[in-house]
2 protein chains.
Amino acid sequence: MRSDLDLKARQTLKSAKLYCTAGRVAVLKALFKADKPLTQEEITGQLGQNHFDKVTIYRTLESLLKVGVVHQAFVKNRARHFELSHNCSETQCHPHFTCTSCGKTHCLTDMRMPKAQGRHRGFIIHRQQTRFEGLCPACA
Amino acid sequence: MRSDLDLKARQTLKSAKLYCTAGRVAVLKALFKADKPLTQEEITGQLGQNHFDKVTIYRTLESLLKVGVVHQAFVKNRARHFELSHNCSETQCHPHFTCTSCGKTHCLTDMRMPKAQGRHRGFIIHRQQTRFEGLCPACA
DNA sequence: AAAATATTTGCAACTTAGTTGCAAATTTGG
DNA sequence: CCAAATTTGCAACTAAGTTGCAAATATTTT
Ligand SMILES: [Mn+2]
Ligand SMILES: [Mn+2]
Ligand SMILES: [Zn+2]
Ligand SMILES: [Zn+2]
């Protein structure tokens, strides 16, 4: 039983010219299913039975970062958070919202911030990310 | 010899109703002098002779965060970065730029991003921060 | 479908960033 | 100066991430 997600993951790896391994497929599937940036721990948690060493998870995320399949979201917590780059443009990722009360982070995928592209005082901007803080619907 | 900066730091602590201690004054002075967000290590480095335990620095930064004198900037590196909140509005901090080539982070203090305030799908936005990636003048 | 090659994996050991408890030192207000 | 409140340094600890290396797996070649 090779699911839809499974195929999608394999396809993604293939087009990125990455070795298609069980670990990578598993990590990608976890990220496909997620609706928010995940840490290594959260990914490992999702995998459950299908366990891979945390070093492998980190190395997988690093490969996926390098080919641009995932990117890093900046979250208030200490650990790095990763998510698929899929529904972000080349130059801009959807904003993230961190609640100052409950601490949870949400993706504001339907929100577009105006882009600052090009140059500013000699800085060539390739990509921008926005972070919000405030109160989430549950805490407001 | 009690310098200008020294007085400014003491004044800041006083208005924040924080105990005015040597460590806090030293940390504040380092932040006043800095033109970019600093880590605990960088602050300790600045202090040189005038040494304080890293635990003290972290606890000082925590106090300064709580009263809003400093805030945290989100930088690509692993360590937390702090800077004065001074020339940021209540709701928005100036953007930060991280160079993908040399890795350095710069404050774009003269750049204003349009504010997304109020509510979005039930999220009450209090503050926003923008991060850019690209090439700095030195690397372009 | 083997064999040869290239890449990834798990393990254990390590580093780096940050935290905690507690007694001693410092600051503040009277 | 005293008493109360708060901060400090130390040592020990946790959490997040990294490194080297031999064994395992994936891809390419024959
Ligand atoms: Mn997201
Ligand atoms: Mn700044
Ligand atoms: Zn909340
Ligand atoms: Zn640069």
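**Close-ups of loops, metal sites and DNA contacts**

**View 1. Lys17 in both chains.** B:Lys17 sits in the loop between helix 1 (4-15) and helix 2 (22-33) of chain B; helices (H or I, at least four residues) and strands (E, at least two) are DSSP runs, numbered from the N terminus. This is a predicted model, in which local features need pLDDT of at least 70 and side-chain atom pairs count only at pLDDT 80 or more, while totals for chains, interfaces and linings use all residues. Residues are numbered from 1 along each chain as its sequence is written, chains are lettered from A and ligands numbered from 1 in the order in which they are written, and side-chain values use heavy atoms, with hydrogens and water left out. Although B:Lys17 is not a glycine, its phi is positive, at about 60°. With 77% relative accessibility, B:Lys17 counts as exposed (over 50% relative accessible area; buried is under 20% and partly exposed in between, with a 1.4 Å probe and protein chains only). Over in chain A, A:Lys17 is found in the loop between helix 1 (4-15) and helix 2 (22-33). A:Lys17 isn't a glycine either, yet it has a positive phi of about 55°. A:Lys17 is exposed, at a relative accessible area of 77%.

**View 2. B:Gln11 and B:Val25.** Look for B:Gln11 in helix 1 of chain B. At 47% relative accessibility, B:Gln11 is partly exposed. Its partner in this view is B:Val25: the two are 14 residues apart in sequence, and their C-alpha atoms are 9.7 Å apart in space.

**View 3. The zinc ion (ligand 4).** Four cysteines hold this view together: B:Cys99, B:Cys102, B:Cys136 and B:Cys139 are the protein donors, each through its SG atom, at 2.2 to 2.4 Å from the zinc ion. Donors are N, O and S atoms within 2.8 Å of the metal (3.2 Å for Na, K and Ca), and water is not among the atoms, so sites may look incomplete. The angles among the 4 donor atoms run from 102 to 114°, and the site is tetrahedral (four donors with all angles between 85 and 135 degrees). Along the chain, the zinc donors follow the spacing C-x2-C-x33-C-x2-C. One pair links distant parts of the chain: B:Cys99 belongs to strand 3 (residues 96-99) of chain B and B:Cys136 to the segment after strand 6 (123-135), 37 residues apart. B:Cys99 is buried at 2% relative accessible area, and B:Cys136 is buried at 3%.

**View 4. The manganese ion (ligand 2).** Here the protein donors are B:Glu83 (OE), B:His94 (NE2), B:His96 (NE2) and B:Cys107 (SG), lying 1.9 to 2.4 Å from the manganese ion. Their spacing in sequence reads E-x10-H-x1-H-x10-C. Distant parts of the chain meet in one pair, with B:His96 in strand 3 of chain B and B:Cys107 in strand 4 (residues 105-107), 11 residues apart. B:His96 is buried, with a relative accessible area of 3%, and B:Cys107 is buried too, with 13%.

**View 5. DNA strand C.** There are 21 residues around DNA strand C, and A:Thr21, A:Arg24, A:Thr56, A:Arg59 and B:Tyr58 come nearest. Sugar and phosphate make up 66% of the atoms of DNA strand C that come within 4 Å of the protein. A residue is near a strand if one of its heavy atoms lies within 4 Å of it. A polar side-chain atom of B:Arg59 is 3.5 Å from a base oxygen of DNA strand C. A side-chain N or O atom of B:Glu41 is 3.2 Å from a phosphate oxygen of this strand. Helix 4 (54-66) of chain A and helix 4 (54-66) of chain B are the elements that give two or more residues to the surface near DNA strand C.

**View 6. DNA strand D.** Around DNA strand D there are 21 residues, of which A:Tyr58, B:Thr21, B:Arg24, B:Thr56 and B:Arg59 come nearest. Of the atoms of DNA strand D within 4 Å of the protein, sugar and phosphate account for 64%. B:Arg24 has a polar side-chain atom 2.5 Å from a phosphate oxygen of DNA strand D. For A:Lys54, a polar side-chain atom lies 2.8 Å from a base nitrogen of the strand. A:Glu41 places a polar side-chain atom 3.3 Å from a phosphate oxygen of DNA strand D.

Key:
Tetrahedral: all angles 85-135°; square planar, octahedral: opposite > 155°, others 65-115°. Polar contact = N/O pair within 3.5 Å; in protein donor to acceptor, adjacent residues only side chain to side chain.
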